[in-house]
Structures are given as C-alpha cells and as structure tokens.
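Could you walk me through this structure, starting with the overall build and then moving to the spots where the chains and side chains meet? Plain language is fine.

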Amino acid sequence: MRELSFEGTTVRFGTGRSALTAVDGVDLTVPAGSVVGLVGESGSGKSTLAKAAVGLVPTTGGEIRLDGAPLRTSRDRRKLQLVFQDPHASLDPRMTIGESIAEALPGRRRRAARTAEVARLLELVGLDPARARSLPSGLSGGQRQRVALARALAAEPEVVLADEITSALDVSVQGSVLNLVRDLQRQLGLTMLFISHNLSVVRYVSDVIAVMYLGRIVEAGPADAVLSAPRHPYTRTLLDAAPAFGVALDDPVPADDPRLDAEAPSPHDPPPGCRFHRRCPIGPLTRPERTICAETDPQPGAADRPHRAACHFATDLMEVPAP
Amino acid sequence: MGRDQWRAALRNPVGAVAAGLLVVLAILAVVAPILWGDAAEETDPAALSQGSTSEHPLGTDALGRDIMLRVLVATRYSLGLALLATAICVVAGVLLGVLPAVLGRRAGRLVTAAVNLAVAFPGLLLALFFAVIFGVGARGAVLAIGLAGAPSFARLVQTNVAAVAGRDYVAAARVAGVGRFRLVARHLLPNIGEPLVVNATVMAGTALLAFAGLSFLGLGVQPPAYDWGRLLGEGLDRIYINPAAALAPGVAVVVAGLAFTLLGESIAQVVGVRAVRRRRPPAADEPAAALARAAAEPDAVLVADDLRVGFPAPGGGWTHPVDGVGLTVRRGETVGIVGESGSGKSLTALAVAQLAPDSAHVTAQRLEVAGVAPLGRADAEVRELLGTKVAMVFQDPMTSFNPSMRVGRQLAEVTRVHERQGRRAALARAVDRLRTVRVPAPERRAHQYPHEFSGGMRQRAMIAMGLMSTPELIIADEPTTALDVTVQRQVLRLLEDVQAETGAAVVLISHDIAVVGQLCERVVVMYAGRVVEELPVGRLGAAAHPYTRALLASVPDLATDRDRPLATIPGRPPDPADRPEGCAFAPRCEFADDACRVRPGLAAVAPDQRAACWHPRTQPLDLALDAVPGGSCDTDRRWGAEGPPEPSVQGVGRLERVRDPLHDPTSDRGAGGQA
Ligand SMILES: Nc1ncnc2c1ncn2[C@@H]1O[C@H](COP(=O)(O)OP(=O)(O)O)[C@@H](O)[C@H]1O
Ligand code: SF4
Ligand code: SF4
Ligand SMILES: [Mg+2]
C-alpha cells in the first residue's frame, strides 16, 4: 500500500456562464495504510475528487501522485479503485457477480486460477463463494456492496476510494458493511479515502478527517481532534446539525441564526472572500466588524493554521478545555 | 430480454398472429423454390396473359407462367433480400453507433455529428443515390436500402449506448481497467439489446416494403430474377385484364411487412411498458368493515385498524406488503414510523392518503382520515374530501413537482382546485407560503421552475404546498433522506414549527431512528408489513422488541466505540410473499424459541408502550442519551471560549407565523373568494 496525494487538484466543468469549479485546488494526502475520511455536503466536490483520481473526469490543474509519482496513464490509475454509492447501479445486471469480479483481475490467468481467486475474494468480503454464479438481481443491497468491494480488491489496488458506500443502504446493513471495511482495512493494511456526508460514519472508520466545502478542503486533521476541537465554523455547524438521541430540535444552534443564509450558495457563483461567510455563525453577517471575511479569501495561509483551517479566525479560539 | 418476456410477447394476440405469419413465410421461403421453382419458370405458350382459370388460379403472365407459383417462389428472394438489407443496416448502424464510445471525446463527437447529418437526409433519396452508385440491380438495392437505414439505426444505438455508458457499472468496469472494446462487447451492447431487437424487426418490415418499391420502379431486382416488387410491377401493367396478377404480390408484400412490424411492436410493448394487469381481488377480502362509521376517539386525525395493502403476486394469488397495520394519530401529535426498506412504511402512508398505486388493493377493518372514511368511495369524492386535509411530503420532491410548471403556479393550483380562488389571490398566497417556509426572495422564486431550486429549497416548497390549505395531517415520507445534515435540520425544524403553528398532526417516515427521535413524540416500528412496537420517544432506551433494539444499536453515532464492531442484524427481512408463519423476525432474532412459531400480537409492556414479542426485553439500552461527547448537546464546548453565538432572537425567523386565514384580516384569502 502506498500514499496517495492530491496537489492543487482542480476540476472544472463546462464553459462560459455554466462553468463551475467543482474541485478547487485541493491539497490532501492519504498516508499509506491509513483511512482519510472526507465529509461535506452534497455538491461540495467529494465525488468529483474521487473520480478525478481514478480518471473518470479529467483534471484541469494540479497533480495526483502515488508515492510521489504522478499518475499519468490509465495503467497507473488502475492502482486506485473506486467503490460507488449505489450498489444497484454499479454491477452490470447481465453479468454474474463472479464475472464482474473476474473482469477486474489484472493480467491473464487460467480459468481455474480465476475461479479460485474469485472464490477467495468473495470469502474475504463475507459472501459464500457459491454465489459467484448468481446475478446481482438476486442479491440484497448490502450483499451487492460486498461484491463491489470484492471487485475493487480484485484489481489489487494500492488505494481504495469509497464514495458514500453506505448511504444507499439501510442502517441495519450499513453496520455490517462498515465492519467489513474496517476489518479489511486492518487485515490488508489498505490505504483508503472514505467519502461520506455522515460524520458518525466517517468517524467510525477514519484516522484523519478532511472537511470539504464548495470544492475546497476547509479543515483537515486527526479524526478525534477535528471532531472534539473543530477549527472551522463549518465543521462545527456540521457537528451541531448531526441528529443524536436526546437532543431536541428546539435547542437552537448558532447556525439557526435567521440572519444567515440557510443553504450553500450556487457553485457557479461562489461568494467572494471566505466562501462560507454568508452561512458562518461567527462571520460578518453576525459580527459586522469582521469585514475581512467577505473580502479576503482565507485559503492562502491555511497550511499554517491548526487543522489547516481555511478561516481567518481559526487561531482566535482558545484551546478547548478537556471535559 | 428474458425468456418470460419473449413468451409474453407471443401471448399477446397481435404478437402471436405476427409470429405465426412469419413462421409460415419462413417455411414458404425454404420449400417453395424447391417444390415449385421449376414449375414457376415453365412458360406455357398456350396460355399467355390469361385471367384466372382452374389450371392457373391467379392467371398467367405475358410468357404464360403461373402467377400463383411465382408469388410463392418469390418469397425466398423477397425475404432474403430484405433480411440482408436489414443485416447491413444493423451492422453498419451498430458500428457507427458504438464508435463514439470507442473513440476519444473529439473523434466521437465528429462521428455523432456526421450521423445526425445523415439522419436528416431523406432515406429514399439516399437509397436512390446509392442505387445509382452501386448500379441498378439487386446488389445495389440491398446496399442502398441497408446503408440508407444505417444512420437512424446508428443514432438509436448512440442514444442507448450513451444512456448505458453513464451508469455506474460501466464506470466501475472502466476503473477496473476493462478495455474499450471489451467494454462495448460485454457491458454496452448486451444492455441495449432490447431496443435494438425491436427496431431491427421493424426495420425488416420497412426494408421489405422499400425493396418492393425499388423493384417496382425497376431499380431493384432485374429479370430473369424476380421478387414481389417486380411481380407487382409486371402485374400492374395488366391490372384491367387480370387484377389478381397485381393484387397477389401486393398482398404478399403488405402481409409480410405487417408481420415484421407488428412483431416488433408487440415485443416493444412487453419490453417497454410492462402492461399493468389488473386482477380482481379475492372476494373474501372485500372491505365490508371499511365503511364502518365510528365516533370514538374524537381527537384522532388518523385511525387505521388492520390496514392491508395487497398486490397480485406474479405466480397468482396475492402478496401483502402491508399486512394488518394498526395506527392511531391524534390531533397535533407527531408520530414517527421507522423500519428497514421494504417494511411497508411508505405503502402504509400512501394507502392512508389514498395514493396507493392502481394495482394495489387496500382494505381495513377501519380507516378514517380527518374524519373521512375513504375506502369504498369514488376517487373524485375522496380527493374532494381529503385534498385540503392531508398533505404529503416525499423524499424526492422533484418527482412530485411538475417540471414544466413554475413553482408558484403549482402551489396556487392547489387552492384554485380545492377552494376555487382567483388566480391572483392564489398566487399571492403561494408567495406568502414560500416566505413562510423561508424560501429566500419568494416573489422571484415563485416564478422559477422546480429544477432551479436546490434540494432543500424544493423540500420547503413541497411543505409550502401542503400549507396552501390548512392540513389536519401532514405525512412526510423520508423528507430529509436526500438532504445534508444542515439542511435536514432546517427542514425538520420547519416541520416542527408548522406542526406547532397549525396544530396539524405529523407522521414522519424515516429509516433513521435518530431523526425520528428528534422530531417525534411517539415512534412506531414496522417490520415485514406489521407494527412490532409502539413507544414514546422518551422510552427508546427501554425498547422491548428485539428488532427495535437492534435498529437502535446498529446506528453509529459520534460516541460509538471505534475499536468494537458495530452491532448488526444478521440476515435480511423476509420477502412479503414468503413470510415465516409465526413472528416474522424469528429467523433473525437471537431470542427466538418455540413460542415464536405463533405470531405475537401487540401487547402492553409498559404504559404507552406496546410490543409484538413473546419475550420482550426489559434491560435498558445503553443509548448514551445525552452524554454524547462532541454531539449536538455539546454546542457550548464546540464553539470554545468565544461561546456559542446567540441567535439574535431565539426561534424567530425559523418560520413566520402561519396565519389563520379565518381570523387574520391581512390574509389574502378574504380577497380571493369564499373563506
Ligand atoms: N459532469 C458534470 N458536469 C457538470 N457539473 C458537474 C458534473 N459532475 C458534477 N458536477 C457538479 O460538480 C459539483 C460537485 O459535485 P460532486 O463532486 O458530485 O459533489 P459531492 O460528491 O460532494 O456531492 C456539483 O455542483 C455538481 O453539480
Ligand atoms: S473566515 Fe470568517 S466567514 Fe469564513 S469561516 Fe472564518 S470566521 Fe467564518
Ligand atoms: S417473538 Fe420471538 S422471534 Fe419474535 S422478536 Fe420476540 S423473541 Fe424474537
Ligand atoms: Mg457524491
């Protein structure tokens, strides 16, 4: 397993008025053998970043490297494998699951060797090898997602990218897929970029958490640190909004402030200065003196702030005392 | 296309007739030339250009050859040429069609443009053009007809390939390093086979007709060879002497052409819109009790007793995805329904709102919604009665809005239909309601189309639509599943406010028990089409049914121990057609024993709490109810020394007051029509 790194990765779609920058100069490193969790709202560019890594969308700028060596050819990219969100859409309905997995095996092998390898992979993801001959239509969502994982592993990847792999599943099934991901990661020492909009899910599997907003990473750091002492107001807003037992909706959180915008701005037309400023509970809409937020982009200099936070006021917050 | 679908195509009477005809034609094509080939060439100088006689039932041609035999023998040539032309068309079309997928972006676009240009060119003109190039004769005609049809076939392939190429499994294969050609052969073509088969069949019919046309014009088959088109041309010269000589080949062309086209159409029907077969429900299921009128529970907005929703099963009989649900919702109450997908949550809601699909059969011992017993009434009457009293909010509001109608007008429509308001007043009210649900710049937004709204905004608009009248019951089916946590929180708070302001009851359906726990007072847990537990939210920590407990334990939260595996529920919910006899949860339940072979009914396990289980659990669950480090209650700590910024005026701004139109003189309702 090796290290995956994004350096100033940029992806632009469209031209003219419909142009939008879905991923905007992302710097992110997924250290070998560790899991980096990527959270953010839908449309923030998480999927696009993953697709850019595997070559499903072309990048407009920056470099994506594996152990420092830039990924150029499709052969290089095969070392990265992507697992998709919807297991009902990601398996060819006309191929048996064995065929789907075998297709991803690198190199030429004899039939017997392929069958044996497919059986081993199915076993690895907790499915009966006899299932190799069934069609995806006979499998439940959770089982299909296991097949999708097996197919990704079949390609003998250096890095696995998992894009919302549990969000199409029932919570009861989500647990078993998360357990599997965690087991596989520990057993095989996988390097993984784990994308989800659900903080609790990301927290369960990740060593590092990166938070994405409107195409940029606004905060990144060790999972515990990011969750217990978030440095970017957006991360805090996400944490405040996560549903939890025993927390009433009535308890207002800072983001409920009526002076703030309720939703993310259009990615076609991101606001000037800090992209979060129209929703920021401690930004210029609640503290008029903070004009800098609406004028100066906090991204430059982020690397020097705690958690590489893209916020002018990330260091102003005092250390949070231990509970 | 599965074997069943082929069979279904043949079961359809039109399809069966067409297929039968084609079989007859195929047999003729094989045997006619062998049996009568020589006889059809035999000239009879004694019987030149005769009409119908006993020896020659359809007469003879100018050389004295028997026309009936010639028509029969020509079957092989006519069909053969048509099929050959079709084959050329299909092969050329498929090649051109998949080319963009194989080539790079730019070259692909070039091919697509070229094909589009060729499609715009009239087919017959193209055929004539090719006929000139390839020379007059059968070979030229086959190439001409085949190639003339290729562009439109290519475009068909292109559109279908483009649709399939966008699917995740193709992307997955690409990421796995599958080559372009293999991608086309293994993933793209097999998945567009159905429309191609249909169109190729129809194409064969068209080719047959086109061929007859060319031969008739003298551009096709040349003597001494002959096909139906040429026979038709020869016969037409003498139509006044012997009409049969022209009619017979003409009929042959039409019948064969129709047979192909009709077969194609009936396959298309089976493949495409699978005809909904309505079956009469079993007589025993008739809702005799459904009309029962009861006045008990005066404050109930919804009373459902033994609600069942059945569908005709594929193998005959009925399956009941909702199988005896009992549900009571009081005025102003918020009730959450949770359960895995397939447990019947949505169908229950749809049945209550009288929105179940046409093929569904809804029965109940008793069903009353907002004081109305809808079962057994006519659709129009139910809509009239319930239209303003029940509001539905769906997971994907995009599917519930008309994409081609401005949002404001769609909202206005509601009151115009139900309360016969004037257009201006209705529109003003729509804007007012959009403002109520905090859609920014509501006047401008009202003039936009649904696709111009973001997901959260559409969901608000959907709720605003429910508020156009004064609903007594709001049913929200997974209203926040497609939304992000921050937007989810806003939509839930909006629902809560609407509930508080209007006094409407809210039924919230969700697979996420944490979401339900946040908004609702009472939770109803469904499993395999039945209610298995019902309890106040405050007692979730004391859930008694093993299924409820498993659901609660399987959700990771911000305090879950990362070093321990998550709790899971082994197995999967039973298929509605194949539920176990006793407790439906037994195969997945760690506490199941012999007693569970008998179905448990809902029984009280505590005041306000009922569970359908023989062995209800009594130990409290460790839900870490309010000790979630880093959880929402931790706001103060999270915002650090700065302290959580206080919202300027707590609560205000979430929802502007929903005015009661009857008591509020500023309401536009008084201006528009009767209040
Ligand atoms: N092929 C595409 N063409 C144009 N815009 C796109 C395309 N794919 C994604 N986008 C846009 O890029 C942005 C980021 O999307 P995405 O990466 O899917 O976000 P996420 O995965 O975080 O939900 C969105 O605004 C989305 O609409
Ligand atoms: S830079 Fe200003 S607006 Fe942006 S997140 Fe920080 S405080 Fe908020
Ligand atoms: S009745 Fe039996 S099988 Fe069903 S949930 Fe209770 S203990 Fe389990
Ligand atoms: Mg995504």
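**A walk through the two chains**

A:D24 and A:R275 are both buried. Keep that pair in mind as we go, and remember that what you're looking at is a predicted model. The side chains of A:D24 and A:R275 come together in a salt bridge, with N and O 3.0 Å apart. The link reaches between distant parts of the chain: A:D24 sits in strand β2 of chain A, while A:R275 is in the loop between α9 (233-241) and α10 (292-295), 251 residues away.

A:D24 also has another partner. Its side chain meets that of A:R216 in a salt bridge at 3.3 Å, N to O. Here A:D24, in strand β2 (residues 20-30), pairs with a residue in strand β10 (residues 216-222) of chain A, so the bridge ties together parts that are 192 residues apart in sequence. A:R216 is buried, just as A:D24 is. As for the chemistry, side chains of opposite charge can pair when their charged atoms come close.

Let's stay in chain A. The unreviewed UniProt entry lists residues 4-239 of this chain as "domain: ABC transporter". In the model, that span is 36% helix and 26% strand, and its end C-alpha atoms lie 27 Å apart. Right at the start of the span you'll find strand β1 (residues 4-13), which holds A:S5. Is A:S5 buried or exposed? It's buried, because its relative accessible area is 8%, and the cut-off for buried is under 20%. Apart from its neighbours within four places in sequence, A:S5 is in contact with A:L28, A:T29, A:E63, A:I64 and A:R65. A:P31 is 26 residues from A:S5 in sequence, and their C-alpha atoms are 8.1 Å apart in space.

Next comes helix α1 of chain A, residues 46-54. Of its 9 residues, 7 are buried, so the helix is largely enclosed by the rest of the structure. Those buried residues are A:K46, A:T48, A:L49, A:A50, A:A52, A:A53 and A:V54. Just past the helix, A:G55 takes a positive phi of about 85 degrees.

Further along is A:T166, in the loop between β7 (159-163) and α6 (171-188) of chain A. Being in a loop doesn't leave A:T166 out in the open: its relative accessible area is 3%, so it counts as buried. Setting aside residues within four places in sequence, A:T166 is in contact with A:Q174, A:V177, A:L178 and A:V201.

Now over to chain B, which has 23 helices and 12 strands. Of its 675 residues, 51% count as buried. Among the contacts in chain B with a separation of 6 or more, 67% are between residues 24 or more positions apart. The unreviewed UniProt entry places "transmembrane region" features at several spans of this chain, including residues 12-36 and 239-264. In the model, residues 12-36 are 96% helix and 0% strand, with end C-alpha atoms 35 Å apart. Residues 239-264 are 85% helix and 0% strand, and there the end C-alpha atoms are 33 Å apart.

Chain B has charge pairs of its own. B:R308 forms a salt bridge with B:D323, the closest N and O atoms being 3.1 Å apart. B:R308 is in strand β1 (residues 300-312) and B:D323 in strand β2 (residues 318-330) of chain B, 15 residues apart. B:R308 is partly exposed, at 24% relative accessible area, whereas B:D323 counts as buried at 10%. Salt bridges with shared partners join B:D306, B:R308, B:D323, B:R530 and B:R579 into one network.

So how do the chains meet? 81 residues of chain B are in contact with 88 residues of chain A. Together they bury about 7500 Å², 55% of it on carbon and sulfur atoms. Between the chains there are 5 salt bridges. One of them joins A:D256 to B:R493, with the closest N and O atoms 3.3 Å apart. On the side of chain B that touches chain A, the largest share, 9 residues, comes from α19(B).

One more residue is worth a look at this meeting point. B:N191 is in helix α8 of chain B and is buried, with a relative accessible area of 15%. Not counting residues up to four places away in sequence, B:N191 touches A:D92, A:P93 and A:R94 from chain A, along with B:V164 and B:Y169 from chain B.

Definitions and conventions
Residues are numbered from 1 along each chain as its sequence is written. Chains are lettered from A and ligands numbered from 1 in the order in which they are written. This is a predicted model: local features need pLDDT of at least 70, side-chain atom pairs count only at pLDDT 80 or more; totals for chains, interfaces and linings use all residues. Side-chain values use heavy atoms; hydrogens and water are left out. Helices (H or I, at least four residues) and strands (E, at least two) are DSSP runs, numbered from the N terminus. Buried means under 20% relative accessible area, exposed over 50%, partly exposed in between (1.4 Å probe, protein chains only). Contact means heavy atoms within 4.5 Å. UniProt positions are given in the numbering used here, feature names are shortened, and annotations may be inferred rather than shown by experiment. Buried area is the accessible area (1.4 Å probe) that two parts lose on being put together, summed over both. A salt bridge is a side-chain nitrogen of Lys or Arg within 4 Å of a carboxyl oxygen of Asp or Glu.
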